[in-house]
Amino acid sequence: MIEKNVPIPPKAKPGRPAKYKFDEMVVGDSFRAKAMYQTLYVAVRRFVAKTDNADKKFVIRPSGKEHVRVWREA
């Protein structure tokens, strides 16, 4: 059966989905993750470099023995 006026769905973004939602954070937001400091540091650097968000600043600090907290600073 032929159907008319069925919209074409948008293309899926290439690659895997982001693990951390840096793009959704506003100044003052933070999240706690069970990850190593270096892992999150690299994730933040890649996000800033790939998305041209050089104006966004993040702070990463240990939060307990096995967790790290990330804040959006600017």
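Biologist: In this predicted model, which residue of β3 stands opposite Pro 62?

Modeller: Pro 62 has Val 68 opposite it in β3, and towards the other end of this pairing Phe 58 has Arg 72 as its bridge partner.

Biologist: How do you know that β2 and β3 count as paired strands?

Modeller: The cut-off for pairing is at least two bridges between two strands, and β2 and β3, the latter covering residues 68–72, are joined by five bridges in the antiparallel sense; because five satisfies that cut-off, the two strands are paired. They also form a hairpin with five residues between them, and in its turn Gly 64 has a positive phi of about 90 degrees.

Biologist: What makes β1 and β3 a pair as well?

Modeller: Four bridges join β1 to β3, and the two strands run antiparallel; since pairing requires at least two bridges, β1 and β3 therefore qualify. One position in β1 that shows the register is Ser 30, which stands opposite Trp 71 in β3.

Biologist: Why are β1 and β2 called edge strands?

Modeller: The three strands form an open sheet in the order β1-β3-β2, with antiparallel pairing. Both β1 (30–33) and β2 (58–62) pair on one side only, and it is this that marks them as edge strands. From one strand to the next the twist averages 20 degrees.

Biologist: What lies across this sheet, and which residues of β3 are on its covered face?

Modeller: Helix α1, residues 37–51, lies across β1, β2 and β3, and runs at about 175 degrees to β2. In β3, the covered face holds Val 68, Val 70 and Arg 72, whereas Arg 69 and Trp 71 belong to the uncovered face.

Biologist: Why is Ser 63 called buried?

Modeller: Ser 63 has a relative accessible area of 18%, and buried means under 20%, so Ser 63 meets the criterion. Its place is in the loop between β2 and β3, and, leaving aside residues up to four places away in sequence, Ser 63 touches Arg 32, Val 68 and Arg 69.

Biologist: Why, then, is Glu 66 described as partly exposed?

Modeller: The relative accessible area of Glu 66 is 48%, and because buried means under 20% and exposed means over 50%, a value in between is called partly exposed. Glu 66 lies in the loop between β2 and β3, where Glu 66 touches Ala 33, Lys 34 and Ala 35 when residues up to four places away in sequence are not counted. Glu 66 and Lys 4 are 62 residues apart in sequence, and their C-alpha atoms are 55 Å apart in space.

Biologist: How do you know which element supplies the largest share of the lining of the second largest pocket?

Modeller: Six residues of that lining come from α1, and this is the largest share, while α1 and β2 each supply at least two residues. The lining includes Tyr 37, Tyr 41, Val 44, Phe 58 and Ile 60, and the space in this pocket is about 200 Å³. By class, the lining has eight nonpolar, no polar and three charged residues.

Biologist: What makes up the lining of the largest pocket?

Modeller: The lining divides into eight nonpolar, three polar and eight charged residues. Of the 19 lining residues, the closest to the centre of the pocket are Arg 16, Pro 17, Ala 18, Lys 19 and Tyr 20. Among these, Arg 16 and Lys 19 count as charged, because Arg and Lys belong to the charged class. The space in the largest pocket is about 800 Å³.

Definitions and conventions
Residues numbered from 1 in each chain as written. Predicted model: local features only at pLDDT ≥ 70, side-chain atom pairs only at ≥ 80, totals over all residues. Heavy atoms only, no water. Axes fitted to C-alpha atoms, helices over the stretch in contact; angles between N-to-C directions. Contact = heavy atoms within 4.5 Å. 1 Å grid on protein atoms, 1.4 Å probe; cavity = no way out; pocket = protein on both sides within 12 Å on 5 of 7 lines; lining within 4 Å. Points joined across faces, edges and corners; volume = space filled by probe spheres on them. Buried < 20%, exposed > 50% of the residue type's maximum accessible area, 1.4 Å probe, protein only.
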